[in-house]
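Here are my notes for you to read alongside the model. Go through them slowly, with the viewer open.

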Amino acid sequence: MFVRPNDISQSIDVSPDMIDSTRGRLLAVLCLLAVQVSLFPLYAQQPTDPAAHVYPEGPDVASDPAAYIGERVEITGIVQRTAPLVVRVETTEGSMTVRVANHGLSPERGAKVRVFGTLTAAGELRATDGFVVPQRGRWYAWGISFLAGLWVLWRLVAHWRVKLATLGFVPRETPATIRTWLERTMPGAEGPD
Amino acid sequence: MPDLLAHAFIAYAVCRVLSWRWEWLTTEYVTVGMAGALIPDITKVYLVVPNHTMERLLGTPFSWYSLGTGGGVLVSVLIGVVLAASEVRRPVGVALGIGAGSHLLADSLLLTPTGYSTQLLWPLSQVRTPSPGLYLSTQPAPMIVTGVVAAGVWLLHSRYGGGSRPENGPGK
């Protein structure tokens, strides 16, 4: 339970130096990126499987609405009309509208709704469950998430640096602070603690 | 997801509490844990470039959502591990894993229309984890609750556990 970084790295069996050179590191990153990229089409092509709760989604339905009649589908769309509820689903070929019945929701136009239910006809869904994601909530989530990204990025820059010789990340001996930067640029300023 | 700030708060609190037991988990690695908590949300790139735009561009089925599955997150974590210098690779991997894992767990509690959320084992298995549907990502409540917890942990740490004496931390 109680290990120091040095102890840990000594216990690595594979020679860690192999991917601690600039070229080795870049090569390893490229290989991993290739794996990551190969997952994009693989995920898009995964078969629907109600037993695993993987249902046809909006774009599947929109590409061939008749094929999914009678099936349970999951649809995310932007509200076009509220009574009756009509949502727009984006697809490769453009967009398609779906009428949602039995939803019990009262969304405003422009809100996002996510509904689950049975397709009763091409472009008609009888909902069994669903909820509204208000536009204001989406702005909130984007804004606050952006701030969180900046905060973590700042901490990373303050606590870590890149060894130029190998492009490897290592912890800084002393965290970078705005004060140390100021001190570097303005020699008379007060130093860090 | 709850919003990213909530995820960062959760990762901070978890890593900070663990740091009271694990001496190697210093502030630098708490930061790495927080960065790990952002990893599964790389999938949100679909908000900028939608899946259907990529499909039209490439002419092949395409989905960014793999980045939020167990397998996609593992590959992203490994990229972080490879970017770390060899002497710190193992602790970086552990911290990234804790952060990313905390994100996937929190996402497993999300409200979805089907009652099932993340695919933790994809591509090995398609199964989605059942979700109690506690919250929506667009609600501020999870951020406020996790923020209060993180602030509490931060206070405890700066009062009792800070600096060079982690053995004095309250997390025995």
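1. First, some vocabulary: the helices and strands here are DSSP runs, a helix having at least four residues and a strand at least two, and they are numbered from the N terminus. Keep in mind too that this is a predicted model. With that in hand, you can read chain A from its N terminus as α-α-α-β-β-β-β-β-α-β-β-α. That makes five helices and seven strands in chain A.

2. Chain B has another make-up: six helices and zero strands. Read along the sequence, its pattern is simply α-α-α-α-α-α. If you want a feel for its dimensions, the C-alpha trace of chain B spans about 60 × 40 × 30 Å along its principal axes.

3. How much of each chain is buried? In chain A, 35% of the 193 residues count as buried, while in chain B the figure is 59% of 172 residues. Now look at contacts with a separation of 6 or more. Residues 24 or more positions apart account for 44% of these in chain A and for 60% of them in chain B.

4. Let's zoom in on a loop. A:Ala67 sits between helix H3 (58–63) and strand S1 (72–81) of chain A. Is this residue buried, exposed or partly exposed? Its relative accessible area is 41%, so A:Ala67 counts as partly exposed; the cut-offs are under 20% for buried and over 50% for exposed. Also find A:Ala122: the C-alpha atoms of A:Ala67 and A:Ala122 are 8.4 Å apart in space, although the two are 55 residues apart in sequence.

5. Next, helix H4 of chain A. How far should its 25 residues span at 1.5 Å a residue? The expected value is 36 Å, and the end C-alpha atoms of H4(A) are 36 Å apart, so the two agree. Buried residues of this helix include A:Gly137, A:Ala141, A:Ile144, A:Ala148 and A:Val152. Don't overlook A:Arg138 and A:Arg155, which are also among the buried residues of H4(A).

6. Now turn to helix H6 of chain B, residues 141–161. Its 21 residues reach 28 Å from the first C-alpha to the last, close to the 30 Å expected at 1.5 Å a residue. The buried residues of H6(B) are B:Pro142, B:Met143, B:Thr146, B:Gly147, B:Ala150, B:Val153, B:His157 and B:Gly161. They cover an arc of only 130° around the axis, which means they lie on the same side of H6(B). On the face turned away from that buried side you'll find the exposed residues B:Val145, B:Val148 and B:Arg159.

7. What do the buried residues of H6(B) pack against? Their partners are helix H4 (135–159) of chain A and helix H1 (4–19) of chain B.

8. Finally, have a look at the second largest pocket, with a volume of about 630 Å³. Of the 26 residues that line this pocket, A:Leu156, B:Ala35, B:Leu38, B:Ile39 and B:Ile42 lie nearest its centre. Which helix gives the most to the lining? It is H4(A), with seven residues. H4 of chain A and, in chain B, helix H2 (27–38), helix H4 (70–83) and helix H5 (89–107) each supply at least two lining residues. By class, the lining has 20 nonpolar, four polar and two charged residues.

Methods:
Residues numbered from 1 in each chain as written. Chains lettered and ligands numbered in written order. Predicted model: local features only at pLDDT ≥ 70, side-chain atom pairs only at ≥ 80, totals over all residues. Heavy atoms only, no water. Expected span 1.5 Å × (residues − 1). Buried < 20%, exposed > 50% of the residue type's maximum accessible area, 1.4 Å probe, protein only. Arc of directions from axis to C-beta. Contact = heavy atoms within 4.5 Å. 1 Å grid on protein atoms, 1.4 Å probe; cavity = no way out; pocket = protein on both sides within 12 Å on 5 of 7 lines; lining within 4 Å. Points joined across faces, edges and corners; volume = space filled by probe spheres on them. Nonpolar A, V, L, I, M, F, W, Y, C, P; charged D, E, K, R; others polar.
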